[in-house]
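Hi,

Here is the structure I promised to pass on. Have a look at it first, and then read on for what I found in it.

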Amino acid sequence: MANQMIECVPNYSEGRRAEVIEAIVQSFRRRSGCVLLDYRADKDHNRLVVSLVGQPGPIQEALIASARVAVAEINLERHEGEHPRIGAVDVIPFIPLRNITMQDCVELAHRFGTQFYEATGVPVYFYEEAALKPERRALEVIRRGQFETLKSEISRPERHPDVGEPKIHPTAGATVVGARKFLIAFNVNLGTSDLDIAKKIAKAIRSSGGGLCHVKGIGLALRDRALTQVSMNIVDYEKNALYRVVEMIRMEARRWGVQVVETEVYGMIPAAAL
């Protein structure tokens, strides 16, 4: 169908070296059919999140160009950061926007995964709607143990990639590609340096811990600021509004005598979610 439009939010395991960040982002600038909406790099997470909209073809071309930079410049053997990761290009989701269905995005993800592997030599896993195995719908399942564990476990049949040989790229790891609905990356920063408190609050509010449905969350340290963070993905903002998430965290934090210092949206957000 003509005039198809998607959103894509690739995540890269680099949030500290300005020259590498700029080289990655440059792949998306001034490219016909691909619009760079936003990019955010975080030093504590050591992660870059880029928000793009445009036509599937130009976005895929730009992603391959950015991946070549990331694979050349990022070495996960020396990478340290708070955010979980298995790859230099960690995750690439495709989101349908206009004149394109979720099933179209699933097929796009599958074709692109093969193209990505052929261009970079980095093995690919499929997640969310594009998952080929039910247990791989959840990103956290694929990323279990991160790069350090996947190095040894990728040879096991249950952890074989969906595309590529069952061996990890020695410096760039593996990449997760998928199709999904809008997701809101939402962080709540706490006025304490006690990471254990942040982890307990994250467990209490996420769905897997018996908290709010459609909420994923982990506790992270913001060491440069002597704060901690409940870092979340709101996978369905229509089912759980942001204010409800914040108020539950505020209530849990009060039990520990801790204040909510600030909140932040990481990347773009649908206006309806506000």
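First, a definition for the element names: helices (H or I, at least four residues) and strands (E, at least two) are DSSP runs, numbered from the N terminus. On that basis the protein has 7 helices and 11 strands. Keep in mind that this is a predicted model, where local features need pLDDT of at least 70 and side-chain atom pairs count only at pLDDT 80 or more, while totals for chains, interfaces and linings use all residues. Residues are numbered from 1 along each chain as its sequence is written, and side-chain values use heavy atoms, with hydrogens and water left out.

The overall picture

The radius of gyration (over C-alpha atoms) is 18 Å, which agrees with the value near 19 Å for a compact globule of 274 residues; the globule rule is 2.2 Å times the number of residues to the power 0.38. Along the principal axes, the C-alpha atoms fill a box of roughly 50 × 40 × 40 Å.

Buried residues make up 53% of the 274. Here buried means under 20% relative accessible area, exposed over 50%, and partly exposed in between (1.4 Å probe, protein chains only). About 12300 Å² is exposed in total, with carbon and sulfur atoms supplying 49% of that; the areas come from the Shrake-Rupley method with a 1.4 Å probe, and for residues only the protein chains shown count as cover.

As for contacts (heavy atoms within 4.5 Å), take those with a separation of 6 or more: residues 24 or more positions apart account for 73% of them. On the charge side, there are 36 positive and 34 negative charges, and their mean positions are 2 Å apart. Lys and Arg count as positive and Asp and Glu as negative, with His and the chain ends not counted; each charge is placed at NZ of Lys, CZ of Arg, CG of Asp or CD of Glu.

Two helices with a buried face

H6 covers residues 195-205, and its buried residues are Ile 197, Ala 198, Ile 201, Ala 202 and Ile 205. Looking down the axis of H6, they fall within an arc of 135°, so they line one face of the helix. The arc is that of the directions from the helix axis to the C-beta atoms. What do the buried residues of H6 pack against? Their partners are strand S8 (184-190), S9, strand S10 (227-234) and helix H7 (242-255).

Ala 198 gives a close-up of H6. Its relative accessible area is 0%, so Ala 198 is buried. Not counting residues up to four places away in sequence, Ala 198 touches Leu 190, Gly 219, Thr 228, Gln 229 and Val 230.

Then there is H5 (residues 146-153), where Phe 147, Leu 150 and Glu 153 are buried. Those buried residues also fall within an arc of 135° seen down the axis of H5, so they line one face of the helix. They pack against strand S6 (124-128).

Strands S4 and S9

Two residues of S4 (47-54) are worth a click. Ser 51 sits in this strand and counts as buried at 1% relative accessibility. Beyond its neighbours up to four places away in sequence, Ser 51 touches Cys 8, Val 9, Val 35, Leu 36, Leu 37, Asp 38, Gly 267 and Met 268. Val 49, in S4 too, is buried at 7%. Leaving aside neighbours within four places, its contacts include Val 9, Asp 38 and Tyr 266. Val 49 and Met 268 are 219 residues apart in sequence, yet 9.9 Å apart in space, C-alpha to C-alpha.

In S9 (residues 215-222), have a look at Ile 218. Is Ile 218 buried or partly exposed? At 32% relative accessibility, Ile 218 counts as partly exposed. Outside its neighbours within four places in sequence, Ile 218 is in contact with Pro 84, Ala 202, Arg 206, Gln 229, Val 230 and Ser 231.

Backbone oddities

Most residues other than glycine have a negative phi. Gln 146, in H5, has a positive phi near 60° and is partly exposed at 25% relative accessibility. Ala 226 has a positive phi of about 55°; Ala 226 lies in the loop between S9 and S10 and is partly exposed, with a relative accessible area of 49%.

Cheers
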